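Welcome! Take a first look at the chain below, then work through the exercises one at a time.

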Amino acid sequence: MQQLSLPLNIPNTQPNTNSQFRAMLTALNIKNYPGWPDEFGISIHNWFTKNSYSPIKTLSLFTGGGGLDIGFHDCGFNIV
């Protein structure tokens with residue numbers, strides 16, 4: 001069986017360094033260092049609280065060790 005190869009001419013394959021996520025980190029005044037994910041969760045939680053947003057209800061199904069749940073909880077989500 002012969003392998004089929006198609007030429008791919010994909011424009012703009014360079015990574016976008018001005019992503020929305022980077023803009024969000026800058027707006028929350030979060031610097032890139034080893035503990036930044038924890039600071040991100042706390043900043044999101046504080047932003048929701050400051051702007052009077054009620055916690056977002058989140059259903060947790062099949063999340064394994066619970067790491068995803070911990071992250072959502074730290075950001076202020078209400079895990080159901």
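**Exercise 1. The overall plan**

How many helices and strands does the chain have?

Solution. This is a predicted model, in which local features need pLDDT of at least 70 and side-chain atom pairs count only at pLDDT 80 or more, while totals for chains, interfaces and linings use all residues. Residues are numbered from 1 along each chain as its sequence is written, and side-chain values use heavy atoms, with hydrogens and water left out.

Step 1: count the elements. There are 3 helices and 2 strands; these are DSSP runs numbered from the N terminus, helices being H or I with at least four residues and strands E with at least two.

Step 2: read their order. From the N terminus on, the elements run α-α-β-α-β.

Step 3: check burial. Of the chain's 80 residues, 16% count as buried (buried is under 20% relative accessible area, exposed over 50%, partly exposed in between, with a 1.4 Å probe and protein chains only).

**Exercise 2. Two helices that meet**

Find the angle at which α1 and α2 pack, and the residues that meet there.

Solution. Step 1: take the geometry. Helix α1 (residues 20-27) packs against α2 at about 70°, and their axes are 11 Å apart. Axes are lines fitted to C-alpha atoms, for helices over the stretch in contact, and angles run from 0 to 180 degrees between N-to-C directions.

Step 2: name the arrangement. The angle makes α1 roughly perpendicular to α2, a label for 65 to 115 degrees (under 35 is roughly parallel, over 145 roughly antiparallel, the rest oblique).

Step 3: list the partners. Phe21, Met24 and Leu25 of α1 meet Trp36, Phe40 and Ile44 of α2. The residues of this contact divide into 6 nonpolar, no polar and no charged (Ala, Val, Leu, Ile, Met, Phe, Trp, Tyr, Cys and Pro count as nonpolar, Asp, Glu, Lys and Arg as charged, the others, Gly among them, as polar).

Step 4: follow Leu25. Leaving aside neighbours within four places in sequence, Leu25 is in contact (heavy atoms within 4.5 Å) with Ile30, Trp36 and Phe40.

Step 5: look at the core. Leu25 belongs to the largest nonpolar core, together with Leu28, Ile30, Phe40, Ile44, Cys75 and Phe77. Such a core is a set of buried Ala, Val, Leu, Ile, Met, Phe, Trp, Tyr and Cys residues joined through side-chain atoms within 4.5 Å.

**Exercise 3. Aromatic rings**

How many aromatic pairs does the structure hold?

Solution. Step 1: give the total. There are 5 aromatic pairs; rings of Phe, Tyr and Trp (its six-membered ring) pair if their centres lie within 6.5 Å, with planes under 30 degrees apart stacked, over 60 edge-to-face and the rest tilted.

Step 2: inspect one of them. Trp36 and Phe40 are edge-to-face, 6.3 Å centre to centre with 70° between the planes. Because they are 4 residues apart in helix α2 (residues 36-50), about one helical turn separates them. Trp36 is partly exposed at 24% relative accessible area, whereas Phe40 is buried at 17%.

Step 3: inspect another. Trp47 and Phe48 are also edge-to-face, 5.6 Å centre to centre and 70° between the planes.

Step 4: widen the view. Trp47, Phe48 and Tyr53 form one aromatic cluster, with Tyr53 placed in the loop between α2 and β1 (57-58).
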